[in-house]
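Please open the model in your viewer and keep the sequence panel visible beside it. The tour below proceeds stop by stop, stating what to select and what is found there.

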Amino acid sequence: PRMGDTAVTITWFNQRDIDVPKRIVLRDSTYLATGNPRIRIEGVGLRFQYSPIHIEGFSFNQAGSNRRSIVLQGPGPDLVRGNLFNLTPTDSSFASLWTIYGIYINFNNVGTRIENNVFGTYGNANSSQGQAILVYGDSTRITGNRFGINRAGNATFHRSAGIVVSGSTAAGTLIKYAPRGGVIADNWFGTCGESRPAIFLNGTDGEGGTQGWTVTGNKFGVSTTDTTKVLPGCTTPLFGLDAAIEMSSFNPTDTLTDNVVRDNTFWRAATGITLSGNGTYQNTIRRNRIGTPDQNLTAPTISFNGMLVAFGARNNLIDSNVIAGANTGIRFGWGTGYGSGMNNTLRANVIGATGSNASLANDTGIHLTNTSGGNLLEHNVIAGNRHVGLQLSSNFLETNRIERNRFGVTTDGTPRPNGGASFRTTNAGLQTIRHNLIGPSTGWGVEIGGVVAPRTFTLDSNRFLGGQDSGAIFALNVDTLFVRDNQFDSCTVA
């Protein structure tokens, strides 16, 4: 070790004729406002000797600018466990925020574990920096940590991403590295953040892109003592305008592929999960619970979208998720002139308030807009939403297939009407709607129309159960409409 601006530096040199210990343990110290970073592990030379580093039981206060607690430059695998970041000994959080990052894991570090740490306040309101953990390395495991939550289990203030996974370019070279095969599991995230996702998987143009990551069992805005309740102190939407989990790949050469996001719980969020960018493809989003617990809250807690698929995200599978209590359950496309979700599969999801608590409904179940095309929506339950169950709105939106879904009725046959039409389209064409079960609604079963004439619609082999207040089908200003082999049970108007 050497002393200087950095509190502890361990440098491994290119000396192969010396013995190194099996590991080095740094434990149980407090580093306050000096040192940047506090602990730095680095290697010099291409083939240096290295011992895994264990950093345990430290307390870091990073108040002030350009503060970094831990930098891991060596090849790993290292262990960072049971440390406190920006928490006072009495559990209250510091008001100041750091502006760089808490833990930095370099591209040549492989297999490091980040476990059971507590991050109090963090972030930077004026830049994209301030992450609690920044990962460039492969096979990193981040498990059992708390972000924006103090040791007493209350939400603290933060203004940046909790975890960022991204690619990098080796200094002084054109060699690009893409992080692969990591795990982000069983972490807890607090609320009151602004303009940054809690977990950000960023596509890269390194070989193969960012791939093979599993994000599972994480909880967002959930009480650490009772998982049916919202975390104490969560009084505003989580993460401002960003998603709790964001998967993004915008640059033409970047890719974000073959990642799995499953079995996570979102009780407080602006948006639960976002997939964006045409390099974001072949990812799986499965069995996530987005929205409020059925009987414990009386108001929606997802202020924007349960999920957002936009900017060309394509060929992703969204399967067996439950979304309630959002402004829009799932939205494809965003804003005038923005990109859309293409060729994705939306399968076996439950979207809406299917239980007895109608106050937990989404305003709109699913909304497809912009140029969202080629998507398959099948075997979903779309029921108990305040307004429209499924909305299509854009004259550039084509070739989506809506097949074998249940509108306004649950899987056990219980009626849960949508508050508007079960299916409505305005200014959209070339859609196929077939083999759906269309139950009661306070509007039409299927409503087709618009100022710009939709071109071709096919309604094939659907079953209308009756109970649509306005009637089964309404069509206005349509070029071509095929209605064939549909079944109408007790419909007042067909």
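Select Arg404 first: this residue is placed in the loop between strand E45 (401-403) and strand E46 (406-407). Strands (E, at least two residues) and helices (H or I, at least four) are DSSP runs, numbered from the N terminus. Arg404 is not a glycine, yet its phi is positive, at about 60 degrees. Its relative accessible area is 38%, so Arg404 is partly exposed; buried means under 20% relative accessible area, exposed over 50%, and partly exposed in between (1.4 Å probe, protein chains only).

A note on the basis of these values is in order. This is a predicted model, in which local features need pLDDT of at least 70 and side-chain atom pairs count only at pLDDT 80 or more, while totals for chains, interfaces and linings use all residues. Residues are numbered from 1 along each chain as its sequence is written, and side-chain values use heavy atoms, with hydrogens and water left out.

Now colour the chain by pLDDT, the predictor's confidence in each residue, from 0 to 100. The chain has a mean pLDDT of 79, and 74% of its residues reach 70 or more. Select residues 89-95, where pLDDT stays under 50. For this segment the model has 14 contacts beyond four places in sequence, a contact being heavy atoms within 4.5 Å.

Move next to Ser320, in the loop between strand E36 (317-319) and strand E37 (322-323). Ser320 has a positive phi of about 60 degrees, although it is not a glycine. With a relative accessibility of 29%, Ser320 counts as partly exposed.

For a feature of the peptide backbone, select Gly76 and Pro77. The bond from Gly76 to Pro77 is cis, its omega being near 0 degrees. Pro77 belongs to the loop between strand E7 (68-72) and strand E8 (79-81).

Which strands form the open sheet that includes E28? Its 3 strands follow the order E24-E28-E32, with parallel pairing. Strand E24 (210-211) and strand E32 (280-281) stand at the edges with a single partner strand each, so one side of each has no neighbour in the sheet. Two strands pair if DSSP finds at least two bridges between them; E24 and strand E28 (residues 256-257) pair over 2 bridges. Show Thr210 and Leu256 together, since Leu256 in E28 is the bridge partner of Thr210.

Proceed to strand E51 (residues 456-460). Of its 5 residues, 4 are buried, so the strand is largely enclosed by the rest of the structure. Strand E48 (residues 431-434) runs parallel to E51 and is joined to it by 4 bridges; Ile433 has Leu459 of E51 as its bridge partner. E51 also pairs with E54 in the parallel sense, over 5 bridges, and Leu459 stands opposite Val483 in E54.

Finish at Val483, which lies in strand E54 (residues 480-484). Is Val483 buried or partly exposed? Its relative accessibility is 42%, so Val483 counts as partly exposed. Beyond its neighbours within four places in sequence, Val483 is in contact with Leu459 and Ile473. Measure from Val483 to Arg434, C-alpha to C-alpha: the two are 49 residues apart in sequence and 9.9 Å apart in space.
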